[in-house]
Amino acid sequence: ETLEHYPNAKVIEGDVMEVDLARLIQEEFPDMRVYVCANLPYYITSPVIMRLLEQRLPVESVTVMVQKEAADRICALPGTRESGAVSVAVRYYADPEPLFRVSRGSFLPAPKVDSAVIRLRIRKEPCVHVDDEPLFFSLVRASFGQRRKTLCNAAATGLGVSKEQLIKWMKQSGIPTQIRAEAMTMEQFATLSNQIFAARKEDLHGQ
């Protein structure tokens, strides 16, 4: 009813986690620059953002309102205390930028949390080169899985390898063995991931 007088607006009912977004964009916006803008449900912020990024859709940018804490984590620079697995994953695909805060008092009824609007400018190419993307993201998730532990302890468990083996790969990559995930840069994650990939590939050929 709100949009019925606007011929340039079209409502498509569906679940963003199930809709074929690539096909939708191809059918609805042929030969057009596409921008995503949304007020995301806060309980599913990261899954929606990662789906938009991982599918490598023909999208220029993603501008969304999310919970303030989620915005801080998403936009945090890897290698800083505020960073997490989502910080690394998002920055791999996009350049995140905080735009402005939205106080809880802006809504009626007021929620219990403040919000923020952020923009993710989609990169044409990932910001670092990795030889195996699934391995790279597995390493990142495992590294942040136990934030209080050093990376070699947390990631070894998550990757299913011995701590000694992971320390060997870290040394070969020039990464301090006592480093924590939050102190790792994008380049260090990529270097370690590529080292692990090369070592596993060599083991397979050796067999």
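## The largest pocket

In this predicted model, the largest pocket has 33 residues in its lining, and Leu21, Leu24, Phe29, Val36 and Cys37 sit nearest its centre. The space inside comes to about 850 Å³.

As for who builds the wall, the elements giving two or more residues to this lining are α1 (21-28), β1 (35-39), α2 (45-54) and β2 (61-67). Strand β1 chips in the largest share, with five residues. Sorted by class, the lining of the largest pocket has 25 nonpolar residues, plus three polar and five charged ones.

## The second largest pocket

Next up is the runner-up. The second largest pocket holds about 330 Å³ of space. Its lining counts 14 residues, with Leu57, Val59, Ile122, Arg123 and Lys124 lying nearest the centre.

Here the elements that supply two or more lining residues are α2 and α4 (85-93). Class-wise, the lining of the second largest pocket has nine nonpolar and five charged residues, and no polar ones.

## Where α6 meets α7

Now for a helix pair. Helix α6 (residues 151-159) and helix α7 (residues 163-172) have axes that come within 9 Å and cross at roughly 120 degrees. That angle is why α6 counts as oblique to α7. The crossing of the two is right-handed.

On the α6 side, the contact is made by Leu151, Cys152, Asn153, Ala155 and Ala156, while α7 brings Lys163, Leu166, Ile167 and Met170. Split by class, the residues of this α6 and α7 contact come out as seven nonpolar, one polar and one charged.

Technical notes
Residues numbered from 1 in each chain as written. Predicted model: local features only at pLDDT ≥ 70, side-chain atom pairs only at ≥ 80, totals over all residues. Heavy atoms only, no water. Axes fitted to C-alpha atoms, helices over the stretch in contact; angles between N-to-C directions. Helix = DSSP H or I, 4+ residues; strand = E, 2+ residues; numbered from the N terminus. Parallel < 35°, antiparallel > 145°, perpendicular 65-115°, else oblique. Left-handed = near helix turned anticlockwise from the far one by under 90°. Contact = heavy atoms within 4.5 Å. Nonpolar A, V, L, I, M, F, W, Y, C, P; charged D, E, K, R; others polar. 1 Å grid on protein atoms, 1.4 Å probe; cavity = no way out; pocket = protein on both sides within 12 Å on 5 of 7 lines; lining within 4 Å. Points joined across faces, edges and corners; volume = space filled by probe spheres on them.
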